[in-house]
Every structure is written in C-alpha cells, then in structure tokens.
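User: I should like a close look at one part of this protein, the central strand region and what surrounds it. Please take me through it in a connected account.

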Amino acid sequence: QTRCTLWILPPQVDDIKSAMLTSAGIGITPMIYVYRALGSKIRLCVHVDSTTEAHAYRKFIQLLTSNNKDDEKNDESMIMNKYTRIPGGKGPSIEELVSEIPSAVGVDHHFYICGPENWIMEMKQR
C-alpha cells in the first residue's frame, strides 16, 4: 500500500522569517516547490539519498543556490547532501543527522520535511 500526504505552504509566506528543508529520496521533488516559494528565507537544505547518481535535482539545486550568491544568507554552504551508500563507509544515521542540523543552523526556523513515511516518522521522534 502506498501512502501520500499532500500539503501546501501556508498563504502567509511573508510571515515565515526563515526555513530549513529536509528531504530524502524522491521527497526532493516537492521541496523544489518549497524552495521556489521561500527563496532567500531558506537557511539550509538537507537531502539524504543513496548516491549522487540517484540524487534527483542535484544539479538544479546547485544552480538555484549559486544564482543567489549575491545574498549573503544564500550561498553554496546552505546545501547539505548525505548519501547512504558510500563506498568504504556508511551513510548518516537519523541520530547523526538530527544532531548535525541544529549545529549548522540552529532551531529557530520553520522546518519542512518530505520523504518516505518511515524516515519522516523516525526524524519526528528524534
């Protein structure tokens, strides 16, 4: 059985001061819409995927952020890509990821998360 959740950004996007996006796998697809809607309000984009080759929209996200380099709050450092099938290593655990995000940008942001249901549930429990 496949489950799908549909959500839309609140109409008061102007009320959002800053945001942090976290996605896994194909969850990157709706995050493209969120990125476009929030633009310079985004402080960090985190994406977890199996490999760089499997990472959908990877070059597109790099292009979007490089186009915002003039804005000192938006540069390439705002992207954090994590891969679970690293040759000779391992990908990040949920615990590692959850502890790394606040150290990168703090916690005073609107958080958006999209990915496989079990991954989202594990992230929410941490």
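Analyst: Two strands are taken as paired if DSSP finds at least two bridges between them. In this predicted model, strand S1 (residues 19-24) and strand S2 (residues 42-49) run parallel and are joined by six bridges. Among the partners, Met20 is matched with Leu44 of S2, and Ala24 with Val48 of S2.

The setting of this pair is as follows. The protein chain holds four helices and four strands, and along the sequence these follow the pattern β-α-β-α-β-α-β-α. The four strands make an open sheet with parallel pairing, in the order S3-S2-S1-S4. Strand S3 (79-83) and strand S4 (110-114) are the edges; each has a single partner strand, so one side of each has no neighbour in the sheet. On average, neighbouring strands are turned by 10° against each other, direction ignored.

Strand S1 itself is largely enclosed by the rest of the structure, because six of its six residues are buried. The burial applies to both faces: Ala19, Leu21 and Ser23 lie on one side, Met20, Thr22 and Ala24 on the other, and all are buried. For the protein chain as a whole, 37% of the 126 residues count as buried.

Thr22, a residue of strand S1, shows what such a position touches. Its relative accessibility is 3%, and Thr22 therefore counts as buried, the limit being under 20%. Leaving out residues up to four places away in sequence, Thr22 touches Met31, Val46, Ile101, Tyr112, Ile113, Cys114, Trp119 and Met123. One of these, Cys114, is itself buried, with a relative accessible area of 14%. Cys45 is likewise buried, at 9%. A search of the whole structure finds zero disulfides. In the protein chain, among contacts with a separation of 6 or more, 72% are between residues 24 or more positions apart.

Two helices bear on this part of the sheet. Helix H1 (residues 28-38) packs on the sheet and touches S1, S2 and S4, its direction making about 165° with that of S1. Its buried residues are Ile28, Met31, Ile32, Val34, Tyr35 and Leu38. An α-helix has 3.6 residues a turn, so residues three or four places apart point the same way. Just after H1, Gly39 takes a positive phi of about 45°. Helix H4 (residues 117-125) also lies across S1, S2 and S4, and runs at about 150° to S4.

On the other side of the pairing, strand S2 includes Arg43. A polar atom of the Arg43 side chain lies 2.6 Å from the backbone oxygen of Ser40. Arg43 and Ser18 are 25 residues apart in sequence, yet their C-alpha atoms are 6.5 Å apart in space.

Beyond S2, Ser50 lies in the loop between S2 and helix H2 (58-66). Ser50 counts as buried, at 16% relative accessibility. Apart from its neighbours within four places in sequence, Ser50 is in contact with Tyr83, Thr84 and Arg85.

Edge strand S3 also takes part in a charged pairing. Side chains of opposite charge can pair when their charged atoms come close. A search of the whole structure finds one salt bridge, in which the side chains of Lys82 and Glu100 meet at 2.9 Å, N to O. Lys82 belongs to strand S3 and Glu100 to helix H3 (residues 94-105), so the pair ties together parts that are 18 residues apart in sequence. Lys82 counts as buried, at 17% relative accessibility, whereas Glu100 is partly exposed, with a relative accessible area of 27%.

To return to the part in question: S1 is joined to S2 by six bridges, S1 is buried on both faces, and helices H1 and H4 each contact or lie across S1, S2 and S4.

Definitions and conventions
Residues numbered from 1 in each chain as written. Predicted model: local features only at pLDDT ≥ 70, side-chain atom pairs only at ≥ 80, totals over all residues. Heavy atoms only, no water. Disulfide = S-S within 2.5 Å. Buried < 20%, exposed > 50% of the residue type's maximum accessible area, 1.4 Å probe, protein only. Helix = DSSP H or I, 4+ residues; strand = E, 2+ residues; numbered from the N terminus. Axes fitted to C-alpha atoms, helices over the stretch in contact; angles between N-to-C directions. Contact = heavy atoms within 4.5 Å. Salt bridge = Lys/Arg side-chain N within 4 Å of Asp/Glu carboxyl O. Polar contact = N/O pair within 3.5 Å; in protein donor to acceptor, adjacent residues only side chain to side chain.
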